[in-house]
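Grab a viewer and a coffee: here are some exercises to work through by hand. Try each task before you read its solution.

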Number of protein chains: 2
Amino acid sequence: MSYVEELCKRAKMASTDLVSLPTEKKNAALHTAASLMRLKSAEILSANDIDIANGRARNMPESLLDRLMLTEERIKGIAEGLDQVVSLPDPIGEILDDFDRPSGIHISKVRVPLGVVGIIYESRPNVTADAFAICLKSGNVAVLKGGSDAIESNKAIVRILRQALLENGVNEDAVNLIESTDRKDTEEFMQMRQYIDVLIPRGSAGLIRAVVNESRIPVIETGSGNCHIYVDSEADFNKAIPIIINAKTQRVGVCNAAESLVVHSAISSAFLPLLGKAMKEHGVSLRADERSLLLLPGSESADETDFGKEYLDYILSVKTVDSLDEAIAHINKYHTGHSDCIITENTASAERFLNEVDSACVYVNASTRFTDGFEFGFGAEIGISTQKLHARGPMGLKELTSYKYLIRNTSCKTGSVRASVTQKL
Amino acid sequence: MSYVEELCKRAKMASTDLVSLPTEKKNAALHTAASLMRLKSAEILSANDIDIANGRARNMPESLLDRLMLTEERIKGIAEGLDQVVSLPDPIGEILDDFDRPSGIHISKVRVPLGVVGIIYESRPNVTADAFAICLKSGNVAVLKGGSDAIESNKAIVRILRQALLENGVNEDAVNLIESTDRKDTEEFMQMRQYIDVLIPRGSAGLIRAVVNESRIPVIETGSGNCHIYVDSEADFNKAIPIIINAKTQRVGVCNAAESLVVHSAISSAFLPLLGKAMKEHGVSLRADERSLLLLPGSESADETDFGKEYLDYILSVKTVDSLDEAIAHINKYHTGHSDCIITENTASAERFLNEVDSACVYVNASTRFTDGFEFGFGAEIGISTQKLHARGPMGLKELTSYKYLIRNTSCKTGSVRASVTQKL
């Protein structure tokens, strides 16, 4: 049996132990992990030094080195994250439904863990501890495949997490790191459908596309966000401008940042000059279609590919439309189904937009930046799903669960057998 | 653009119309479809005659010809199925959650259709109408790829369904049949991730495996059922025998039929002779492991492969174990995660079994045959999911839905912008 298969098989076996692990044990392990993280920060930092040195030797750009780098402060942040998950309610065991049937059976629908969650991610080592915490609290075994850039940091962190499990009498295999950096092993990992229940890629659009294409394990697509803001003919400009500034510039490299502005032609001559001024003040350059360009002198002209782009930068595309219908059609064509917003004072238009834009999160007069597990009150987040199967939008603890039906015979005298034969199977 | 891509693209476009289609329109279309099905039964029967003649010419076995064959009676049954879906509650628009956040936004979580549901199935033409009804009522566009054996019947049925949509002012593209029987077109269909939201295979284990392996669209695995019954050391034999008879013999060709018996060694010498007699009376042959075989003289001996087999026939494998732990481990190793049952009077053992057996439906003293959308009270069923992602167990209307978050700004004075920058994306 190969290294990867053996690891995945052990993970699957550990999932049985986690199904009914008491909340107190999960919390104790998380708490210990947080303490050990602080206590052993020197060990993590020296491992991280190796990754950083290797990165520099490979001429890794400064922005990536910054993502990769750990500091005492950042390790404290990771430990705090672990402690925060302790305070969240345990989702496992919740009775979702409970009913009798005329046939004499009683059915309970109960929340259970998914089982084994695979996570493929890039260079940020904090994901290692975050993902472990969310998986453990939701009763799931985590199999982690981090970026090879961060391999030494990840190994050090996982060693500490496993020690925390051991110290609390929890199966160490509740968290597993694929230590190989061989591309072939990642490919093999994505075929392990018999052991892994779901695979969540976290990272660039390229990584996510590769996982979707290659995986035989069910994948939850996360994080790709070409978010739109539509300024309607009945928009209040005093709302529009601050929302666009917030959505575009508060943090440009994140999936819930706005990437494209759609504006109604009835107000474009009044609105676009205001927009141009505000964006200039915030260092944002515009890529405008032909009609918008007339009102945004000095901006660059957009081509067709601009509307489908997630810039993750101080750039915003601008498109003029003649109706709400055209705005909705444009957004549904170019967006990634993440977050989109309408600015309007017209309730009917707002309701149509909410209904017809096919995104995880649809906003009226509010910034797309709110699409986030913490802002939604979930207390933790493993990613933002842009697909419709299973979970959509911010994914917290509950989104990492499944359910099962428990069926009990309601009579103590006889067993329950099915009377009707008719069945459409 | 290819035939398949064009069809899938049209389906995707139609999904926008279906999102907010009023319940009355859906019901009217379903009702018309039922009436037309009865009215035009001759048209369907003569199409079916062609399929049957082609099947005979290709020496199709009688059992498959029977599955393929339509009669006036069966068409009436299909029409009744359509009418039944009219009476079910419309799941779309249900508010699943609704809350304010301190940041000043109001979040509603609302049930929405999945969008476009692809269904790949084998020769039973009734699935064509059933799948259409469940998809339409749950606001989903259906793209159907039936078996090539049933192509003429399916074409006739879909022509009638589309007429029913048209007569009620509903977009005809709410139901689509891939009329090509070229294997390449099916392969292309399974790549249409940009248009199809979920793919559900219905049919043999081979078909399901092929779809899981080839599809880039998220798949819901259905219908593979290697169901176990475990007779515990504290079993009441008066419950065990009728339940096993029901689960094994009421209908052998279905996914919720029992395929394997696991028996505790403490009671095997008292129980297995009773079982042997009952199974003999019902024409069931046994495949017993070494220890069981001693108590079941004349039975065949089981090899390792028997325990993993879904016989779909009058055959039952038998395995003796020495503990509840061993029983649970055996079942979790060989089952398909569909339905498993414990026969016991011991509540603690029952609870452990319910908790630790990792199946969609786990039973205490009740037949696995109850795993069925109608028996569960869902009123309709598109299949029985054996995976943990999205839906598990019988899938009715609600299981064909997703949700979206609608976020409204709670102040009428200002727009909502996010204050905190911290975010783990």
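The exercises below go through a predicted model, from its chains down to single residues.

**Exercise 1. Work out which rotation superposes chain B on chain A, and what kind of axis that implies.**

Solution. Start with the superposition: a turn of 180 degrees, with 0.0 Å of shift along the axis, puts chain B on chain A at an RMSD of 0.0 Å. That is how a two-fold axis relates copies. Next, look for the axis in chain B: the C-alpha nearest to it belongs to B:His390, at 1.8 Å. Finally, check the surfaces: 99% of the contact residues of chain B recur in chain A, so the same surface serves both copies.

**Exercise 2. Describe the side of chain B that touches chain A: how many residues, from which elements, and of what character?**

Solution. Count first: chain B puts 67 residues into the contact and chain A puts in 66. Then sort by element. Those giving two or more residues on the chain B side include helix 1 (3-19), strand 2 (105-113), helix 9 (205-214) and helix 15 (347-356) of chain B. Strand 16 of chain B gives the largest share, eight residues. Last comes the chemistry: 28 nonpolar, 22 polar and 17 charged residues make up this side of chain B.

**Exercise 3. Split chain A into its assigned domains and find how far apart their centres are.**

Solution. Domain 1 of chain A comes in two pieces, 3-221 and 387-405, while domain 2 covers 227-370. Taken over C-alpha atoms, the centres of these two domains of chain A are 35 Å apart.

**Exercise 4. Check the length of helix 11 of chain A, then find where it bends and what covers its buried residues.**

Solution. Length first: helix 11 of chain A (residues 265-281) has 17 residues, which at 1.5 Å a residue should span 24 Å, and its end C-alpha atoms are indeed 24 Å apart. Now the bend: it is about 45 degrees, at A:Phe271, with a proline, A:Pro273, within the next four residues. A:Phe271 is also one of the buried residues of this helix, along with A:Ser268, A:Leu272, A:Leu275, A:Gly276 and A:Met279. A handy rule here: an α-helix makes a turn every 3.6 residues, so residues three or four places apart point the same way. The cover over the buried residues of helix 11 of chain A includes helix 10 (237-249), helix 12 (290-295) and strand 8 (258-264) of chain A. After the helix comes A:Gly283, with a positive phi near 70 degrees.

**Exercise 5. Decide whether B:Ile44 is buried or exposed, and list what it touches.**

Solution. Place the residue: B:Ile44 sits in helix 3 (residues 41-57) of chain B. Count neighbours: there are 27 C-beta atoms inside 10 Å, so B:Ile44 counts as buried. Leaving out residues up to four places away in sequence, B:Ile44 touches B:Leu70, B:Ile75, B:Ser153, B:Ala156 and B:Ile157. For scale, the C-alpha of B:Ile331, 287 residues away along the chain, is 44 Å from that of B:Ile44.

**Exercise 6. Find what the buried residues of helix 2 of chain B pack against.**

Solution. List some of them: B:Ala29, B:Leu30, B:Ala33 and B:Met37 are among the buried residues of helix 2 of chain B. Then read off the partners: the buried residues of this helix pack against helix 3, helix 5 (72-86), helix 6 (126-137) and helix 7 (151-167) of chain B.

Methods:
Residues numbered from 1 in each chain as written. Chains lettered and ligands numbered in written order. Predicted model: local features only at pLDDT ≥ 70, side-chain atom pairs only at ≥ 80, totals over all residues. Least-squares fit on C-alpha atoms with pLDDT ≥ 70 in both. Contact = placed C-beta atoms within 7 Å. Domains from an automatic or database assignment. Expected span 1.5 Å × (residues − 1). Bend = angle between axes of the 7 residues up to and from the residue. Buried ≥ 20, exposed ≤ 12 C-beta atoms within 10 Å, placed from the backbone. Nonpolar A, V, L, I, M, F, W, Y, C, P; charged D, E, K, R; others polar.
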